[in-house]
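Good morning, and thank you for coming. Please turn to the structure on the screen, and I shall take you through its pockets, its ligand and one loop residue.

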Amino acid sequence: MSAILSNLQVVRLAIKNAAIVAQRDPASVHLLAVSKTFPESAIRAAYAAGQRAFGENYLQESLLKIAALKDLAIEWHFIGPIQSNKTRDIAENFAWVHGVERLKIAERLSAQRPHNLPPLNICLQVNVSGEASKSGVTPSEVESLAHALIKLPGIKLRGLMAIPAPCDDPRLQQQPFAHLAAIFRGLNSQSLALDTLSMGMSHDFPAAIAAGATLVRIGTAIFGDRPPAALAG
Ligand SMILES: *Cc1c(COP(=O)(O)O)cnc(C)c1O
């Protein structure tokens, strides 16, 4: 059995167990396989094992892979930082974008989304780690940005995303996730109808699921350790 297949089975089981412990339906937690820096062959192996949603961070690298894997029914998620001169390629090639943190970026993605494609699914990135993180809007800014985003026709606001500062203590890991979940519930109480809470990575996904994650973004636990950042395009 390939390492990727067995890793995927281990991760799926861990997701299921975390959901059961949290008294949640395991089917309510979706797995995004983060394939950044890994070759096309690794993605094909995960696909053969039934995985359909893949996350990429680096635009040039991802465009090459998307072209090379056109024969597969993959749902591509862009999860990296977004520069405004890169929005057209993202709008044309991905189904989801996690990590939107500026209205200007959302407006460009909306305007550049091809009309023959369904609206681009968006998660707003929130900074729930305070000064430990520079990415994401502050919790106090989320509400007005969310209300501005739902007016844009080419995108569909699906939920919130966060990348908390790394932390090894499972009890402390839950704090930023619980914070994001509370913001999420607050927006839904204003009838925003968001369905996606994108939080949790290889080292902290059980804590994220305990706090309500509906989508976990997992790379290392499926594909193994990544090469040093210098190799990433
Ligand atoms: C790389 C990355 C992941 C996956 O991280 P792992 O620790 O390898 O599971 C998840 N989310 C984002 C935004 C990433 O950049």
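I begin with the largest pocket, which holds about 460 Å³ of space. A pocket here is found on a 1 Å grid over the protein atoms alone: it is an open set of points where a 1.4 Å probe fits, with protein on both sides within 12 Å along at least five of seven lines, and lining residues have an atom within 4 Å of a point. Its volume is the space filled by probe spheres set on the points, with grid points joined across faces, edges and corners.

Before going further, please note that this is a predicted model, in which local features need pLDDT of at least 70, side-chain atom pairs count only at pLDDT 80 or more, and totals for chains, interfaces and linings use all residues. Residues are numbered from 1 along each chain as its sequence is written, and side-chain values use heavy atoms, with hydrogens and water left out.

Which residues lie nearest the centre of the largest pocket? They are Asn57, Ile79, Gly80, Met161 and Ile163, from a lining of 25 residues. That lining divides into 10 nonpolar, 10 polar and 5 charged residues. Strands E4 (96–100) and E8 each supply at least two of them; strands are DSSP runs of E with at least two residues, helices are runs of H or I with at least four, and both are numbered from the N terminus.

The second largest pocket has a volume of about 270 Å³. Its lining has 16 residues, with Pro26, Val29, His30, Leu31 and Thr214 nearest the centre. Helix H1 (3–21) gives the most to this lining, with 3 residues, and strands E1 (30–34) and E3 (75–78) each supply at least two.

I turn now to the ligand. It is surrounded by 13 residues, each with a heavy atom within 4 Å of it; Lys36, Asn57, Ser202, Thr220 and Arg226 are the closest. A polar side-chain atom of Thr220 lies 2.5 Å from a ligand oxygen atom. For Arg226, a side-chain N or O atom is 2.7 Å from an oxygen atom of the ligand, and for Gly219 a polar backbone atom is 2.8 Å from one.

Finally, where is Gly212? Gly212 sits in the loop between helix H8 (205–210) and strand E8 (215–218). Leaving aside residues up to four places away in sequence, Gly212 touches Arg24, Leu197 and Met199, where contact means heavy atoms within 4.5 Å.

Technical notes:
Nonpolar A, V, L, I, M, F, W, Y, C, P; charged D, E, K, R; others polar. Polar contact = N/O pair within 3.5 Å; in protein donor to acceptor, adjacent residues only side chain to side chain.
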